[in-house]
Amino acid sequence: MKIQVNARNRTHLFEASPGEKILHGGLARGIALPYECASGTCGTCKAKRVSGDIDDAWPDAPGRKSLKSADEFLMCQCVARTDVVAEVPAFVQMMDTGSCVPCAGTGRIASTEMLTHDVMLIDVETDAPVEFDAGQFVLLGVDDVEGMRGWSMVNFDRHARTLRFVVRRKPDGVLSDWLFGGASRAGTRVSLFGPLGHATFYPSLGRDLLCIAGGSGIAGVMSILSRAEQDEYFSRHSGDVFFGIRTSRDVYFLDEFTRLRRVCGEGLAVTVALSDEDPPSSLVSDYPLIRFDRGFVHEVAKRHMVGRLGNVIAYLAGPPPAVDASIRMLLLSRVTADNIRYDKFS
Ligand SMILES: Cc1cc2nc3c(=O)[nH]c(=O)nc-3n(C[C@H](O)[C@H](O)[C@H](O)COP(=O)(O)OP(=O)(O)OC[C@H]3O[C@@H](n4cnc5c(N)ncnc54)[C@H](O)[C@@H]3O)c2cc1C
Ligand code: FES
């Protein structure tokens with residue numbers, strides 16, 4: 001199917017494969033179409049159909065609430081049935097040379113491990129190597145569940161054959177119920193699309209690093225820390241990580257944070273913020289290299305970063321309320337929008 005996208009600055013033409021989502025088709029051909037969640041919730045990928053027919057794979061997608069007319073559609077959910085001409089109300093460039101261009105792939109769940117009562121560590125072995133930037137995510141689907149879900153990579157490796165994820169159980173979530181329902185899912189075949197996401201970290205950015213994560217938002221932060229460690233980034237710049245959870249039963253990765261603190265030294269500080277209880281003294285004494293504090297993660301970050309936000313680039317991830325509160329806090333503290341990168345786990 002021929003797809004023509006009329007953007008504000010130019011027209012893009014590409015050929016979409018049968019069944020391929022219009023967003024995926026454009027991105028896979030290096031066209032930087034607008035998106036945020038890539039999974040039907042945010043509305044960022046909206047476009048207006050000028051001609052042609054499309055099928056909407058998820059007519060109930062929450063992101064449709066940002067559509068204003070019957071001709072508008074979400075590129076991340078729609079597939080062309082005929083040749084399509086569409087208008088996108090944005091400037092759309094080709095991706096920069098050297099970008100990790102997303103593509104469809106496959107793999108299998110190699111192993112799973114419970115990290116807490118509702119968080120699972122999952123390793124997916126891919127059938128072909130995957131290139132991604134630290135802080136990116138992929139869409140992952142399984143035959144038994146409709147639609148794909150965004151999961152952020154925890155690891156950072158070149159030519160990765162394993163993608164590591166931390167996935168939090170969402171009450172009554174369809175994939176959550178499938179994953180946490182009792183049966184082992186190791187060995188399950190998965191489909192993938194990615195890498196995706198603009199909250200990417202490159203050592204050449206040369207700024208102090210501030211990471212604020214709510215819950216499983218810590219996934220992409222771990223990937224960023226891994227890249228920074230490989231580059232000895234914290235010998236040149238400071239790094240502050242704030243990991244927000246509710247209570248001590250929700251905490252994980254403390255051993256990995258301790259290892260990173262030992263390797264990276266004083267340049268890296270890690271604070272775990274507990275919103276619903278005072279940090280238990282056992283945690284404080286068992287993990288002396290990690291700071292524990294009480295409060296919402298953006299409030300704790302604000303307290304500890306007073307006077308230290310001048311040269312930061314901030315990475316935020318997790319539930320939308322936590323990310324929105326952190327964005328507000330940073331903007332009010334005069335961090336400019338171009339130094340704030342985020343993924344909302346909507
Ligand atoms: C950029 C990004 C990165 C994320 N990274 C992580 C992560 O690292 N760890 C983590 O735990 N969570 C992450 N999430 C959240 C995750 O994608 C899921 O929303 C969450 O795991 C709950 O899935 P569920 O199926 O249990 O819940 P559900 O409420 O059943 O579904 C949640 C999401 O699945 C998609 N979906 C549901 N039904 C359909 C359908 N019929 N067709 C198409 N799509 C559908 C939608 O995006 C929906 O919002 C991320 C989300 C985003 C947007
Ligand atoms: S990118 Fe399509 S709805 Fe978010």
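**Salt bridges, a ligand and a buried helix**

Modeller: Let's start with R64, which has a relative accessible area of 31% and so is partly exposed. Keep in mind as we chat that this is a predicted model.

Biologist: Thanks! Which residue forms a salt bridge with R64?

Modeller: The closest N and O atoms of this pair are 3.1 Å apart, inside the 4 Å limit for a salt bridge. The partner has a relative accessible area of 27%, so this residue is partly exposed. The residue that pairs with R64 is D56.

Biologist: How many salt bridges does the count come to?

Modeller: One of them joins D71 to R49, with the closest N and O atoms 3.3 Å apart. Others link E229, E256 and R259 in a network. By the 4 Å rule, the count comes to 17.

Biologist: How many residues apart in sequence are the parts that D71 and R49 tie together?

Modeller: D71 is partly exposed because its relative accessibility is 32%, and R49 is partly exposed because its value is 26%. D71 sits in the loop between β4 and β5, while R49 belongs to strand β3, so their salt bridge ties together parts whose separation in sequence is 22 residues.

Biologist: What about R168 and D118: which of the two is buried?

Modeller: These two form a salt bridge, and their closest N and O atoms are 3.4 Å apart. R168 lies in strand β12 and D118 in the loop between β8 and β9, so the pair ties together parts that are 50 residues apart in sequence. With a relative accessible area of 39%, R168 is partly exposed. At 11%, under the 20% cut-off, the buried one is D118.

Biologist: Let's move to the ligand. Which residue has a polar side-chain atom 2.5 Å from an oxygen atom of ligand 1?

Modeller: Two backbone contacts can be set aside: a polar backbone atom of S39 is 2.7 Å from a ligand oxygen, and a backbone N or O atom of V174 is 2.8 Å from one. The side-chain contact at 2.5 Å comes from S176.

Biologist: How much of the accessible area of ligand 1 does the protein cover?

Modeller: Ligand 1 is surrounded by 26 residues, and the closest are S39, R149, G150, K170 and S176. On its own, the ligand has 940 Å² of accessible area, and the share covered by the protein is 90%.

Biologist: Which element gives the most residues to the shell around ligand 1?

Modeller: By type, the shell divides into 11 nonpolar, 10 polar and five charged residues. Elements giving two or more residues are β11, β12 and α2. With four residues, the top contributor is β11.

Biologist: How many residues of α3 are buried?

Modeller: Helix α3 spans residues 218-230 and reaches 18 Å from its first C-alpha to its last, close to the 18 Å expected. Its buried residues include I218, M222 and R227. The helix is largely enclosed by the rest of the structure, because of its 13 residues the number buried is 11.

Biologist: D172 and F253 both have a positive phi without being glycine. Which of them is exposed?

Modeller: Phi of F253 is near 65°, and F253 lies in the loop between β15 and α4. At 16% relative accessibility, F253 counts as buried. The loop between β12 and α2 holds the other residue; its relative accessibility is 72%, so the exposed one is D172.

Technical notes
Residues are numbered from 1 along each chain as its sequence is written. Chains are lettered from A and ligands numbered from 1 in the order in which they are written. This is a predicted model: local features need pLDDT of at least 70, side-chain atom pairs count only at pLDDT 80 or more; totals for chains, interfaces and linings use all residues. Side-chain values use heavy atoms; hydrogens and water are left out. A residue is near a molecule or strand if one of its heavy atoms lies within 4 Å of it. A polar contact is a pair of N or O atoms within 3.5 Å; within protein, one must be able to donate a hydrogen and the other to accept it, and residues adjacent in sequence count only if both atoms are side-chain atoms. Accessible areas come from the Shrake-Rupley method with a 1.4 Å probe; for residues, only the protein chains shown count as cover. Ala, Val, Leu, Ile, Met, Phe, Trp, Tyr, Cys and Pro count as nonpolar, Asp, Glu, Lys and Arg as charged, and the others, Gly among them, as polar. The expected span of a helix is 1.5 Å times one less than its number of residues. Buried means under 20% relative accessible area, exposed over 50%, partly exposed in between (1.4 Å probe, protein chains only). A salt bridge is a side-chain nitrogen of Lys or Arg within 4 Å of a carboxyl oxygen of Asp or Glu.
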